[in-house]
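Thanks, everyone, for making the time this morning. I would like to walk you through one model, going from its cavities to its sheet, and I will keep to what can be read from the coordinates.

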Amino acid sequence: MFAQLCQSLVILRRPALDLSHLRIIPQLCRTAWGPSGAKEMATQPHHSKKRPHPASDKVPGSEAKLKHIRRREKRKGNPMPNVNVSAQIIGSGSRDSPASVLILADSTRLLFNCGEGTQRLLMDSKMKHLARLEHIFFTRMTWENLGGAIGMMMTLKKIGLPQLTFYGPEHLNNFVSALGIFAQQDIMQLDVKCPDDAPFVNDVMIVKPVVIRSSALGGREQQMASTTEGSPDNPDTEEADEAGGAKKRKVDLLGTISGMNVKPQQGKQKMTTLSNVCIAYVCKLHDKKGQLMVDKAAALGLPPGKKFSQLKQGESVTTDDGRVIQPEDVIGPKQTGPTFIVLECPSEEFIESLVKHPSLVRHHREGDSASPVAIVHICPPNILDHHRYKEWMSRFDDSVEHIVCNSVCHSMTHLKSRRLQARLGLLHPGIFPPQSLPQRPDLPEMNVRYARSYEKLHLMPEKRWNGDSVQTDDPQMFLDEIEELPDFKTSLEELQGKLLGGHEHLTKRYPEVVFLGTGSASPNLDRNVSSIVLHVSESQNLLMDCGEGTFNQMCRFYGDRTDDVILNLGCIFVSHRHADHHTGLLQILKYWKTLVGKDTLKNLLLVAPKRIFIWLNQYNKYCEEIIHHLKFIECGDLTESAVERSNLEQTLLKRLNLEKIETVPVRHCPFSYGLAVTHRHGWKVVYSGDTMPCEELVTAGQGADLLIHEATLEDGLGEEARIKKHSMISEAIDIGERMNAKFIMLTHFSQRYPKMPLLPERVSGKVGIAFDFMRLSLSDVSKLPLFMPVLKHLFADKIQELYDIKNKRAEKKLHKLSNLMNQEEAAGSR
């Protein structure tokens, strides 16, 4: 038996894509351990240095502290000299890239503002050492600044950061408290610092907050109303036990919302409107000590050694002949640390408070403080053109760099995503249309520098600009890169021949599905988190899930049509409470509110679990008002077994011209749902949300024209799939086949599959793989199986890597099995 195992290990080391030899593994396992052992082994999860055992609650770095934290503790409070410090624009302030600035130093990272998509922009900028990001500063309590903080917090916790500190306006604690609605295992230890606290100081700089208040406040406080209408008499809410799923009654300290409208009511609460308070940050880098002039020290008779160290520490030393050498005798002049300012002025109401604030005025050329090297202005164009603001800017020294972040600062980002879309467009430009390119308008002649994402201003050791990381768009370069791929061109020509022989002229556009996010858990450079737009007709849209960055993705896909797409939203469906499915919701609601304005005849329907309603109400109440003509339907009120259907169901059916809409309880976290939509024209689309294989979904989706099913993991990772309550690829396909679905689209792939997941050897002719920015009508789905040979050539290197990982995983399993067998034989011989 051991010889057979060794032979199998040799076979598995072969690099070829064909893994047919793996079929002997279950046989070997059954021989050694019986059927139960074989089954256990077949479902054993993948182990690697980068991926912890899925059953473990531990995260990488949770046992051993991160390296930079250990080094800091060893220094015992002594500052680490930071030779290189720079400020990098991450988000330029355009619609799809909220303004953010990153400070990069040798020992740390600091971030100013963290809007939706900031984490993905940081990856795109090729930033290193994300774990060193321990402090985030917010200039204003708005979702444009806060929206990416939730995803960032979850990522930092996973990589082992023990604590994250937020700095921002007063009552920032309210935002942090509202995060209690999320799963506790996703929340890391958060510390909150407000302007009344002491200034921030670390090895690199001191940061002083400056409070700027809007004149619209009418003083420090104003009356603010934002509670709910129609709250139930009993404030208790029903919640499921995470471990067993059993329901229990518990007092909900956050307040509850039933299936009803939410709008301001007569009862008023006295508090500061946080969106009417801005914080400017004056940042002063520490002075850099002068360098020891070795030649001069040697001329004075000082040999290298301990005395050099004493002089560097500011101590005087005595030479062998009795002369006293002072530090200033051999140490060069210190380098004064530069100052820079990050500020936000969102409207004219803030201008007077800002231009008169003494903490900012003192940095004018006639002031008593150092002139800043740069000021980052997060301001709309009308503020920059305001006479009072321009006059205030002109009083700074001419050497000051005025960097503007606002909606006109379009900047090229997400190069890898654009490269992928350009290549997929070769297969079918209608299904994979090019992303909308940002067009930078003619900018007014001003003494300012308009922000470009990833451009750096080096602050120390010398001031200089670096644009090496700024991206440019060259679609032809993307296409030239694939000319070298073996057999790709031949397979592409064969595909084009088959498509020309089809019936393109018979294509019907609606229903049309647009995939905006096809990844799971957290974004990567190729796949954003879950979001799908179902275009029911030209003027009727249904948004299914809304992960972080959904609005950004809409801007990149729809371009100038984004406003129309959002205005035509009839309903938003959120499948469950996990952050990767709903943290993009607030930006969509906020933008929808802006577009609708005072139109009282228009409203938006939201179908979601109750926890999502609570989260929205908390944010609306304590941070900023985003709920506007919004009607809620709890997911449970649209299930087949609902005792009392929602009274808004008929409104929803009429709005989207549907015959039936049904939510389906699925097997994921408590209160997770899928969705089945049947149109009056006869077509049916089913969306699984996140789930393990679910019989209720099979029943509800019978005869679907299109099933969109999550396929998070490849086959062979059954234990991990069960622990995380997701589906493997073959399981998703099996659900579709038992549902008698005409076509199955796989989505929600683990981020270990950025390009293409590892498919089973034999895949049905009615299965397709979803990609971000993929546009699909029902008449297009028959083309997708034809794409498979071309995709395998396009991603051949990535597929080979996945097979190599799978082979190594199988090797480890066999090695473990052989060790167990040897131990058993040794025990038997005794």
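**Cavities and the open sheet**

Let me begin at the second largest cavity, where β1 (85–91), β18 (374–378) and β21 (456–460) each supply at least two residues of the lining. Please keep in mind throughout that this is a predicted model. Of the strands, β1 gives the most to that lining, with three residues. The volume here is about 70 Å³, and the residues around the space include Ala87, Gln88 and Ile89, together with Phe340, Val376, Leu457 and Trp465. Sorted by class, this lining has ten nonpolar residues, one polar and one charged.

How many cavities of 30 Å³ or more does the structure hold? There are nine, and the largest of them contains about 90 Å³ of space. Its lining is made up of 13 residues, with Tyr167, Lys193, Cys194, Pro209 and Tyr281 lying nearest the centre; by class, the lining of this largest cavity has ten nonpolar, one polar and two charged residues.

Now to the sheet, which is open and formed by eight strands in the order β6-β5-β4-β3-β2-β1-β21-β22, with mixed pairing. At its edges are β6 (189–193) and β22 (464–466), each of which pairs on one side only, and from one strand to the next the twist averages 25 degrees.

As one example of the pairing, β3 (residues 109–112) and β4 (residues 133–137) run in the parallel sense and share four bridges, and phenylalanine 112 has phenylalanine 137 in β4 as its bridge partner.

Key: Residues are numbered from 1 along each chain as its sequence is written. This is a predicted model: local features need pLDDT of at least 70, side-chain atom pairs count only at pLDDT 80 or more; totals for chains, interfaces and linings use all residues. Side-chain values use heavy atoms; hydrogens and water are left out. Two strands pair if DSSP finds at least two bridges between them. Axes are lines fitted to C-alpha atoms, for helices over the stretch in contact, and angles run from 0 to 180 degrees between N-to-C directions. On a 1 Å grid over the protein atoms alone, a cavity is a set of points where a 1.4 Å probe fits but cannot get out, and a pocket is an open set with protein on both sides within 12 Å along at least five of seven lines; lining residues have an atom within 4 Å of a point. Grid points are joined across faces, edges and corners, and a volume is the space filled by probe spheres set on the points. Ala, Val, Leu, Ile, Met, Phe, Trp, Tyr, Cys and Pro count as nonpolar, Asp, Glu, Lys and Arg as charged, and the others, Gly among them, as polar.
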